[in-house]
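Here are some exercises to help you find your way around a new structure. Try each one before you read its solution.

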Amino acid sequence: MKLSNRVALVTGGSRGIGRAICLDLARAGAAVAVNYVSHPEAADEVVSTIGAEGGTALAVRASIGVPAEVEAMIARVNARFGQLDILVCNGGIWRGAPLHKLAPETWWEVINTNLGGLYYVTRAALPGMMERRWGRIVCVSSVVGLVGWPGDCAYGTVKAGMIGFARCLAKEVAKHDITVNIIVPGYVQTGMTAEVSEQGREVMRNLSLFKESVPPEEVAAGVTFLVSGPKNVTGHILTVDGGLSL
């Protein structure tokens, strides 16, 4: 169990890619805090599944875009487990529209929730990692942040921004034996991508070299590698996109 005695927090961990990450980290031995906002039943299902497999998990509600809720979430994780070693920044929202039809309030909702949430959660988690001189942070970006997609200026901006954030932070915290990496999923069938038109989903599938969507379990396996692999893998961008970004 390569992550035994480690504690992980996965934002947006109740469904889709986040759910798969929670399960994979637990199977590697980590205790997992499953963050959610509006689907407590889904978070409870993840916790129950981990428990049934012999693992340990905690469902914890917080909106990552609200600093006070983030601070309370980190405090609850520390109170339950005594530490926080692994942070997977997966939570966020998607809002799509052509730029000339994208309302300013929608733009800022995406920016403040996704990039703001990344900042709030990472900032709150770092002090404990720095004190213990061990930490693993993974930012879950998107292939949209690498290659772009029509109607996704807001989402593509935050996903590209996550890459810059992670690579800068990797240089800041290496002296504390903390790594920061980025995983870039391609098209994964989730509740979020279900909001895209069927035509759009078919185009994304066809752009994959394998002409299929990426299983969330493959993204999760990449995350587990990044948090349990060599210390000298940091600032790395790992694409799990079926070659879509080539």
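Before we start, one bit of vocabulary: a residue is buried when its relative accessible area is under 20%, exposed when that area is over 50%, and partly exposed in between. Keep in mind, too, that this is a predicted model.

**Exercise 1. Work out how R133 sits in the chain and how accessible R133 is.**

Start with the place: R133 belongs to the loop between α4 (104-132) and β5. Next, take the accessibility, which comes to 41% for R133. That value falls between the two cut-offs of 20% and 50%, so R133 counts as partly exposed. Finally, look at the backbone: R133 has a positive phi of about 55 degrees, although R133 is not a glycine.

**Exercise 2. Do likewise for K211: which loop holds K211, and is K211 buried or exposed?**

The loop to look at runs between α7 (198-207) and α8. K211 has 53% relative accessibility, so K211 counts as exposed. Its phi is positive as well, near 60 degrees, and K211 is a residue other than glycine.

**Exercise 3. Find H176 and list its contacts beyond the neighbours within four places in sequence.**

First, go to the loop between α6 (153-173) and β6, where H176 is found. Its relative accessible area is 16%, and H176 is therefore buried. Now for the contacts: with the neighbours within four places in sequence set aside, H176 touches M130, R133 and W134. You've already met R133 in the loop between α4 and β5. As for R132, 44 residues separate it from H176 in sequence, and the C-alpha to C-alpha distance is 8.4 Å.

For another pair, try P67 and E218: they are 151 residues apart in sequence and 31 Å apart in space, C-alpha to C-alpha. P67 lies in helix α3 (residues 67-81) and is partly exposed, with a relative accessible area of 39%.

**Exercise 4. Put the strands of the sheet in order, and explain why β3 and β7 each have one side without a neighbour.**

Step one is the order. The sheet is open, with seven strands that run β3-β2-β1-β4-β5-β6-β7 and pair in parallel. Step two is to look at the ends: β3 (57-61) and β7 (237-240) stand at the edges with a single partner strand each, so one side of each has no neighbour in the sheet. Step three is the twist, which averages 20 degrees from one strand to the next.

Now zoom in on some pairs. Strand β2 (residues 31-36) pairs with β3 in the parallel sense over five bridges, and A33 stands opposite L58 in β3. Strands β1 and β2 also run parallel, and four bridges join them. Here A8 stands opposite V32 in β2.

**Exercise 5. Sort the residues of β1 (residues 7-10) by the way they point.**

A general rule helps: in a regular strand, side chains alternate between the two faces of the sheet. In β1, V7 and L9 point one way, while A8 and V10 point the other way. All of these residues are buried.

**Exercise 6. Decide how α1 (residues 16-27) lies relative to α2 (residues 40-52).**

Begin with the geometry: the two helices pack at an angle of about 20 degrees, and their axes are 10 Å apart. An angle under 35 degrees counts as roughly parallel, so α1 and α2 are roughly parallel to each other. Their crossing is right-handed. On the α1 side the contact uses R19, C22, L23 and A26, and on the α2 side E45, V46, T49 and I50. Sorted by type, these residues are five nonpolar, one polar and two charged.

**Exercise 7. Repeat the job for α1 and α8.**

This time the angle is about 50 degrees and the axes are 8 Å apart, which makes α1 oblique to α8. The crossing is right-handed. In α1, the residues that meet α8 are G16, I17, A20, I21, D24 and L25. Their partners in α8 include P216, V219, V223 and V227. The residues of this contact divide into 10 nonpolar, two polar and two charged.

Definitions and conventions:
Residues are numbered from 1 along each chain as its sequence is written. This is a predicted model: local features need pLDDT of at least 70, side-chain atom pairs count only at pLDDT 80 or more; totals for chains, interfaces and linings use all residues. Side-chain values use heavy atoms; hydrogens and water are left out. Two strands pair if DSSP finds at least two bridges between them. Axes are lines fitted to C-alpha atoms, for helices over the stretch in contact, and angles run from 0 to 180 degrees between N-to-C directions. Angles under 35 degrees count as roughly parallel, over 145 as roughly antiparallel, 65 to 115 as roughly perpendicular and the rest as oblique. A crossing is left-handed if the near helix is turned anticlockwise from the far one by less than a right angle, and right-handed if clockwise. Contact means heavy atoms within 4.5 Å. Ala, Val, Leu, Ile, Met, Phe, Trp, Tyr, Cys and Pro count as nonpolar, Asp, Glu, Lys and Arg as charged, and the others, Gly among them, as polar. Buried means under 20% relative accessible area, exposed over 50%, partly exposed in between (1.4 Å probe, protein chains only).
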